[in-house]
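Hi everyone, thanks for coming. Please have a look at the sequence and the model on the screen, and then I'll walk you through a few places in it.

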Amino acid sequence: MSKSERQHPFNFGRVFFPEKSNPIPNRVYFQPLGNHVGNVRRLVKAWNFDDDFPDATLEERQESFQRVLKAADIHDMGKPQKFNLEVKTTQYRKFKEYIYSFKGHRFAANSSDIWAKTLAIGHHDFSVNDISRDTYKLKQESQYYADILAKDPLTYARELYILEMCDQIEAELACRVIGDDEQAESRAFMDYTTAKSELDDKIYLIDPCPFNKSSTPLTFEYWSMELSQADKDSLQNCLNTEQDYNLGKVLNQIAKNWWQSQHGKPEKSEPKSITLSAYKSDDKLKDWNCNSFYKALGGENFVPNPMQDRVFKAIANNDHPAVLLKSPTGSGKMEAILFPALARGYRLFLPLPARSLLEDQKERIEKYLKIFSKLQPEREISLVVDTGAQMYRCVYRNGEDIASTLNINSRRHLYKGDVILTTLDKFLYRYFAFGDKQKSFIFPLRIHRENTLICFDEAHTYDEISFTNFQSLVKSLYEAGRSLVLMTATMPIEHYERFNYLEDLIDFVDNSQYLEELNQFQQQTLKQPHLNKKAFEWHSHLKLDQDNPELFQNEIAKIILKEWQSKANRRIIAVVETVKDAAAIYQYLIKNVGSNTDACGRFIFLYHGRIADKIRPIIYKQIQERNANSQPYILVTTSAIEVGCDLNAEVLISQICPPENLIQRAGRCNRKGNISDAKVILVGDEIPDFANSLDSFGWRKYQKTLQSLEDFDTQLIAKCISITQQVDDYRVVELFSMLHDYVYGADLTCQPAHEKGLVITRSWKPSATLIYKDQSTGEEQKITVPIDRLVKNKNNQYANTYVYERYYNYENTRWELRDIGWGSAYLKDIFIEISPNNQGAGTFDGKDEYPYNPELGFVELPGVFIKLKTSDFEEKLLYQHNDKKSSIITYTKSLNTD
């Protein structure tokens, strides 16, 4: 840097490129650094610290305020030394856009107040690694700091969040004021929505409002650099010589020369003063009670049932509800939680036990959120879907989904939503701050915000490792003071006893008085005269012969056909335990029904967890449409459709299964109580070992109960539910504790466990993504399977099957694939790719081609690994790339492994 440059520091806070796609711009705007910092200070001064520190004393909040204000003063003091303009190019090194950089500026922040200095240096990253490290260092710095963090270990993280949010709010407003809404929306790390008022262009609205006053004044300024013809010729020369990558260097030097020629004092634009105001909600919304809110979202005839009324009051009338809700299938548990959460202004987390439930729940929730957004037409109401396979955010305003029309940043969500729909597995990952390394701590922080309500639906479905994690998670959230609801229809007493600390039990299953109230309401008010009425048959003579499975498959298929032909326009669901049985029964039906279409389209469906991720939601939507219109269908499925799905079949045909599963399956039959001749048919003489939850005594009791039934009796069958006493895997408990101590207690001795990325959810077996890749069309069909299901045997080896691992290429800044290497499977993102033999030969490379049919899904699983014998605690799988190269991956054995 020259002497003249050192005389006039580059006091820029932000840079705007009004002609974003033009490699030869006419002008560039610069926001003065002092203007940016001054605005951030105003926002800090206006911030309502009570919301972020509800349990702190007034003195403690004042101390937090002073630390954040000092950090705001110094957080950008390194920007003048680090300013640069750069260019982004495409992979072909062609111009894409100009960007600006102050890389590393935060590390230049300095203050005698160590805590404030740490906050200033910490801003922008907000990763779990940085926050845990900084919290640990502050505890070591002084006993005073240690005492603060002992009372609330998240104090530093909460203060850093306030600094980050004030910085981001100011940045987003600066973009909006200058007219760059695209750059404003690109900011992912925001917990608030800002927009210009439609009534006054000097007023900007923020929702929710984090400030202690309804309005905050701010002023924005900028300098404008007009490019000369000589400047433009220099840029044009880069284009002429195809050196687009040099555009950034040239524009950077043009800007610095201009700044020095102005002696660091160019003429500013006319300051633009705005007022940042809270969204003004309709005063009528304050008058909502249970009845009025149900009518507002569901229509004039939507009356809450007794269970929904009690749940609404439990959530709306308590600051920190802790509820265990037991209610029958089809009683409206989802609405019972969603409605009071919206009315109370909670951010509702809904972790589900399986991805197969997401599509159904998403459609039901989306319908209500669109209506809710009409009640507050200026607000954005959003739904976040976060699973292993997909991660996106839907935004609704005045009844419309506006995310696609406004080009909403898909990454912006980071759990910014009114409702977050996820799975237990993914929620555990987020609870422990796994995800993109930068901003990763926002997940724990948003989960632990005061306005959070976490509802675990279908809480009865967890067992073994998933139940161990589930109970640890619920207890941790409860002890942290979070608002909680556990919902179940069939939780066994052995599991229920683990949650007896939850203060509010709302029991519409075992409390006969409550159950009778609910039944009367549904029969009389909702006009469901045939509620709970289902005839029952048990074909116990049918045996499952492992050596000849076709006999069992064909017998179930014949029962389905008999029911289909006995009455026109029936809706039939048939549930079996394995994908192979389901696929075979489906194929039998296709051959013997004659046609799979009627006047309304397709009516025979196959649905299971190994149908490709892209296809499964489409199938379910088709089933749902026929169901909603009372059109006939036959659905052959597995337990993938057992819980949570809102179907109303006339006949349920089920392979024999444990009582808790049977009750859930029967909940898809006569769900609306409007079918006079509904029927449940049970098939088989014994429960397969892999699905059985009963001991010999429990099985005998269950048999006697089933033999005594002429009508399906949920109450009697529920008495047969018995889960073997849960023995918690001590390794799972210890790992949960270590991850919790690292993320929430800044215990750096536990950091290695977190760095391994290891969260055991369903079992110790890691998973792989199985991909069928059609090279002629470029389409990829994907599912996720445990890697131990991909072990070789003589019948499952196919041509053109390759194993890769996905890794992040930092040099190219993108994810790429490479041959799988040696090491821990937990540290690998494993992909199994199957490519068809496009030459059409029956065999290829001495092996059969994989028999993939998108209609049937991945019925067979390819064998790619050889399981090695081990005597220690690790499982080892060998993959042979070719005759000369092989890799071994390892993972931890389950406790019950021989």
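I'll talk about empty space, then one helix, then some charged pairs. Please keep in mind that this is a predicted model.

Let's begin with the empty space. Rolling a probe the size of a water molecule over the atoms shows where such space is left. Here we find three cavities of 30 Å³ or more, and the largest has a volume of about 50 Å³. Which elements give two or more residues to the lining of that largest cavity? They are helix 7, residues 128-141, and helix 28, residues 730-745. Among the lining residues you can find I131, S132 and T135, as well as F441, V743 and Y744. By type, the lining divides into seven nonpolar residues, three polar ones and no charged ones.

Next, please find helix 8, residues 143-151. Its buried residues are Y145, A146, I148 and L149. These cover an arc of only 160° around the axis, so they sit on the same side of helix 8. What do they pack against? Their partners are helix 4, helix 6, helix 7 and helix 9. Turn to the face of helix 8 that points away from the buried side, and you meet the exposed residues Q143, A150 and K151.

Now for the charges. Side chains of opposite charge can pair when their charged atoms come close. The count for this model is 49 salt bridges, and I've picked three.

The first on my list joins E226 and R27, with the closest N and O atoms 3.5 Å apart. E226 lies in strand 8 and R27 in strand 2, so this pair ties together parts that are 199 residues apart in sequence. E226 is partly exposed, at 45% relative accessible area, and R27 is partly exposed too, at 29%.

Then there is D130 with R133, where the closest N and O atoms are 3.1 Å apart. These two are three residues apart in helix 7, so about one helical turn separates them. Is D130 buried or exposed? D130 is buried, with a relative accessible area of 13%, while R133 counts as partly exposed at 32%.

My last pair is D386 and R430, whose side chains meet at 2.9 Å, N to O. D386 is in strand 12 and R430 in helix 17, 44 residues apart. Both D386 and R430 are buried.

Finally, look for E537, E563, K567, R570, D677 and K679, which are linked in a network of salt bridges. Thanks for listening!

Conventions
Residues numbered from 1 in each chain as written. Predicted model: local features only at pLDDT ≥ 70, side-chain atom pairs only at ≥ 80, totals over all residues. Heavy atoms only, no water. 1 Å grid on protein atoms, 1.4 Å probe; cavity = no way out; pocket = protein on both sides within 12 Å on 5 of 7 lines; lining within 4 Å. Points joined across faces, edges and corners; volume = space filled by probe spheres on them. Helix = DSSP H or I, 4+ residues; strand = E, 2+ residues; numbered from the N terminus. Nonpolar A, V, L, I, M, F, W, Y, C, P; charged D, E, K, R; others polar. Buried < 20%, exposed > 50% of the residue type's maximum accessible area, 1.4 Å probe, protein only. Arc of directions from axis to C-beta. Contact = heavy atoms within 4.5 Å. Salt bridge = Lys/Arg side-chain N within 4 Å of Asp/Glu carboxyl O.
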